[in-house]
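Colleague: I would like to take a close look at one part of this model, going slowly and keeping each step clear. Could you take me through it in one connected answer?

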Amino acid sequence: MPVATRRRLGVAVAQMGPVHAADRREAVVERLVAMLATAQARGAALVVFPELALTTFFPRHWMDEREAEARYFETAMPNPVVRPLFDAARRLGVGFHLGYAELTPEGRRYNTAILVDRGGAIVGKYRKIHLPGHADHKPDAPFQHLEKKYFEVGDLGFRVFGADGTRVGLCICNDRRWPETFRVLALQSAELTVLGYNTPSHNIHWNEPVHLRMSTHLISLQAAAYQNAMWIAAAAKCGAEDGFPMIGGSVIVAPTGEIVARTTSEEDEVIVADADLALGENFRRHVFDFARHRRPEHYRLIVERTGAGDPLP
Ligand code: CDT
């Protein structure tokens, strides 16, 4: 039986500790550049940074949309403040994935992530599709989760991009909880999916034990990696931002579903895996050979219904 030839990729996750509302973008970019260099020195060719990496997780705050745009959104990428990160990528020969709030020339707002190759060129872009939270003000809640107020649903779909010879899928934070996300990426032959997240430690809707916030995060990633025979690298922004705690637990997960690297802090921390991209091949050829085993004719409800309804007649 043929054995897939190993294909090595040094993958790093650069977890971030808090970015407080008063922190300057320039200082944040310095932190990112330092972690990029650390990752490269440890053998990484691709570094995954978090969702909305340049600012505090501002959807926790109620404010006017114009104020949010002025304080937290980027109108160009790269822009002069972020340019040092692109320069460092080119100088070090390391690609990266970065999340930020995007304000388009047409005035549309998206929760966006880009994929940058080892030459410092943007080769992929994704706008978050599953926006959690609410759009209304909840004055009795300890904090808000206003992604539905500040962002539109992404219009680019779930896409896989070639970056330095690797097929990389992109998604963001809450997307990881939806199996459809990873299946759509796997159907485009993604070998690695990268994502960033900001997951508050507390649930404002019901009294969810804090340990479950970590458990549901990990179980989602591990199941998705295995069921789609892909690597997944997930980067948190975590710790208490202006007093509001978010979970850490950044991980690199193999196509076996096993966690091969995990952060131990809630601060800036780099983890690296020497990922064999061929590791998923056995799964793709056998138990998850989609072409032989999938039965899409029996999955029609997935695209015909959004919410759950009655049993089929
Ligand atoms: N940023 C983001 O999407 N956070 C959400 C919070 C919802 S908690 C179930 C997340 O899925 O982590």
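Which strands form the open sheet, and in what order do they lie?

Modeller: Please keep in mind throughout that this is a predicted model. The open sheet is formed by six strands, which lie in the order S5-S4-S3-S2-S1-S14, and their pairing is mixed. At the edges are strand S5 (122-127) and strand S14 (269-276), each of which pairs on one side only. From one strand to the next, the twist averages 25°.

As background, strands of a sheet pair through backbone hydrogen bonds, either parallel or antiparallel. Strand S4 (residues 109-116) and S5 run antiparallel and are joined by five bridges; looking at a single residue, Ala113 has Tyr126 in S5 as its bridge partner. Across S5, S4 and strand S3 (95-103) lies helix H3 (residues 83-92), which runs at about 160° to S3.

From the sheet we can turn to helix H5 (residues 179-186), where Thr181, Phe182, Leu185 and Ala186 are buried. Seen down the axis of H5, these buried residues fall within an arc of 125°, so they line one face of the helix. Among the elements that cover the buried residues of H5 are strand S6 (160-163), strand S7 (166-170), strand S8 (192-197), helix H6 (210-227), strand S9 (231-236) and helix H8 (290-293).

A residue outside H5 is worth following here, namely Asn228, which lies in the loop between H6 and S9. Asn228 counts as buried because its relative accessibility is 6%, and the cut-off for that word is under 20%. If its neighbours within four places in sequence are left aside, Asn228 is in contact with Phe182, Arg183, Ala186 and Phe290. Of these contacts, Phe182 and Ala186 also appear among the buried residues of H5.

H5 also takes part in the lining of the largest pocket, which has a volume of about 540 Å³. This pocket is lined by 16 residues, and the closest to its centre are Pro179, Glu180, Val184, Ile302 and Val303. H5 and helix H9 (301-304) each supply at least two residues of that lining, and H5, with four residues, gives the most.

Finally, the structure holds one cavity of 30 Å³ or more. The largest cavity contains about 40 Å³ of space, and its lining is made up of Phe57, Arg60, Phe143, Gln144, Pro200, Phe244, Pro245 and Met246.

Methods: Residues are numbered from 1 along each chain as its sequence is written. This is a predicted model: local features need pLDDT of at least 70, side-chain atom pairs count only at pLDDT 80 or more; totals for chains, interfaces and linings use all residues. Side-chain values use heavy atoms; hydrogens and water are left out. Buried means under 20% relative accessible area, exposed over 50%, partly exposed in between (1.4 Å probe, protein chains only). The arc is that of the directions from the helix axis to the C-beta atoms. Contact means heavy atoms within 4.5 Å. Two strands pair if DSSP finds at least two bridges between them. Axes are lines fitted to C-alpha atoms, for helices over the stretch in contact, and angles run from 0 to 180 degrees between N-to-C directions. On a 1 Å grid over the protein atoms alone, a cavity is a set of points where a 1.4 Å probe fits but cannot get out, and a pocket is an open set with protein on both sides within 12 Å along at least five of seven lines; lining residues have an atom within 4 Å of a point. Grid points are joined across faces, edges and corners, and a volume is the space filled by probe spheres set on the points.
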